[in-house]
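Trainee: Please take a close look at the salt bridges in this model. After that, describe some of the residues outside them.

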Amino acid sequence: MLIEYSIKGFKSFLKQTTIDLKAKNYKILTGTNTCSDNVLKGLMFVGANASGKSNVVLALKLLLDLLFARTDVSIGNYKCKFGDEEISLSYKFLIDGKEIIYTVDYNCEEKITVEKLSVDNDFVLDRIGSTATETTSGTKKYIDKIQDGSLILREIYFNSKFRSNETLKKWFNFLMNSIYIDLYKQEVSVYRDVNLDLSEHLNKNGVEQINSFFKEFNFGQSVEYDNVSEKNSQIYFKRDNVNAKIPYTLESLGNQNLVTLLPKFFYVIENGGMLILDEFSSGFHNDLEELLISYFMKHAQYAQLIFVSHSTNLLSNRLLRPDQIYTVDFESISGSVINRISNQQPREGQNLEKMYLGGVFDGLPKYKSINS
């Protein structure tokens, strides 16, 4: 599970910024929203447009892309445009009670990459520039002639699969099960060799899982799938007590987004990993967002939901704990800054949405009123 990550010189985040997923001393939602090791099952980021919310979750996508993407990814493209030449990324995970810390520093001007990986404070990878020392298999090895901008950890994994290191193997399994989705752009990144497209899910599993979900929560609709041939299949929506079937392409954006999301949603819950959602509120009613979050928190055991939304109704102690919510602001030349709502120590019975809209937690647009 992810327990913390830090970014500096990354996109709109000029200064060192740390996002914490360790639970604070709140009693509410302990049974559903936290794991037995006191790690939160997810976070929400809320704030004004162009404040940097998407960049916070993009830092997680970058880690996954650098380790698993089939195309080359340039770290330098993520440099803060008004900062210096250094990008610093650090990720901390808890796997079977062991703390894994992986850091990547990249100097865009000198094109020097620094990688460090430790397990319970014992370094198993130490790389500076084109040379590295690693002991992931228990035997010390020296590596040289490493290509600039590439991650040697990626190469070590694909060469060894961490066969002799169960902790690192479980860590990479968690990472590979993770999925990133931008619901507005319909951009999906899946990191394991598994097809989670809606049509493939229906081919393999039929409509039962999705329709059971719809029935359980009284959606008043179902999905039908006509698989005439591999190149000729149709997905339909059918309302209860209505004979007509509506083709997927003619359905609302919200319904399209929902059934496209659900196979990935179920997969991460069942297999573990991070489900990273940008623009979560695209086409979804507020109540639907609440339902999906509650379902994830209740059913996930070794998975985390990390998402961006503009829906302030989600700022509720019956849905998320104060330590699960971050606000994001953009402060001119200082760049993006975050505030964890629990820093203001709201009581468990307080109305978080009302406090947020009243300016207690920051993260609000500063528009001038049309009537002022």
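Mentor: A residue is called buried when its relative accessible area is under 20%, exposed when it is over 50%, and partly exposed in between (1.4 Å probe, protein chains only). This is a predicted model, where local features need pLDDT of at least 70 and side-chain atom pairs count only at pLDDT 80 or more, while totals for chains, interfaces and linings use all residues. Residue numbers start from 1 along each chain as its sequence is written, and side-chain values use heavy atoms, with hydrogens and water left out.

By that scale D20 is buried, because its relative accessible area is 13%. The side chain of D20 meets that of K24 in a salt bridge (a side-chain nitrogen of Lys or Arg within 4 Å of a carboxyl oxygen of Asp or Glu), with an N to O distance of 3.9 Å. K24 is partly exposed, since its relative accessible area is 38%. The pair therefore joins a buried acid, D20, to a partly exposed base, K24.

D20 and K24 belong to a network of salt bridges that also links E4, K22, K92 and R340. One bridge in the model is between the side chains of E4 and K92, at 3.7 Å from N to O. This pair connects distant parts of the chain, as E4 sits in strand β1 (residues 2–8) and K92 in strand β4, 88 residues apart. Strands here are DSSP runs of E with at least two residues, helices are runs of H or I with at least four, and numbering goes from the N terminus. E4 and K92 are both buried. The structure holds 19 salt bridges.

The bridge between K61 and D65 is set within a helix. Its closest N and O atoms are 2.7 Å apart. K61 and D65 both lie in α2, 4 residues from each other, which is about one turn of the helix. K61 is buried because its relative accessible area is 9%, and D65 also counts as buried because its relative accessibility is 8%. Farther along, F82 lies in the loop between α2 (53–68) and β4 (86–95). With a relative accessible area of 31%, F82 is partly exposed.

Next come three buried residues and the side of the chain that each one meets. Contact means heavy atoms within 4.5 Å. T103, in strand β5 (residues 98–107), is buried because its relative accessible area is 18%. Residues up to four places away in sequence aside, T103 touches L89, S90, V114, E115 and K116.

I156 belongs to helix α3 (residues 152–160) and counts as buried because its relative accessibility is 6%. Beyond its neighbours within four places in sequence, I156 is in contact with L125, E134, T136, I143, K161 and F162. From I156 to N351 there are 195 residues along the chain, and their C-alpha atoms are separated by 49 Å.

N339 is placed in strand β18 (residues 336–340). A relative accessible area of 11% is why N339 is buried. Not counting residues up to four places away in sequence, N339 touches I325, Y326, T327, Q344 and F361. N339 and D37 are 302 residues apart in sequence, with 24 Å between them from C-alpha to C-alpha.

Two loop residues have backbone angles worth listing. K11, placed in the loop between β1 and β2 (17–20), has phi near 50°, a positive value in a residue other than glycine. K11 is partly exposed, because its relative accessible area is 30%. N218 has phi near 60°, also positive in a residue other than glycine. N218 is found in the loop between α6 and β12 (221–229), and it counts as exposed because its relative accessibility is 68%.

Helix α6 itself meets helix α7 through side-by-side lists of residues. In α6 these are Q209, I210, F213 and F214, and in α7 they are L258, V259, L262, F266 and E270.
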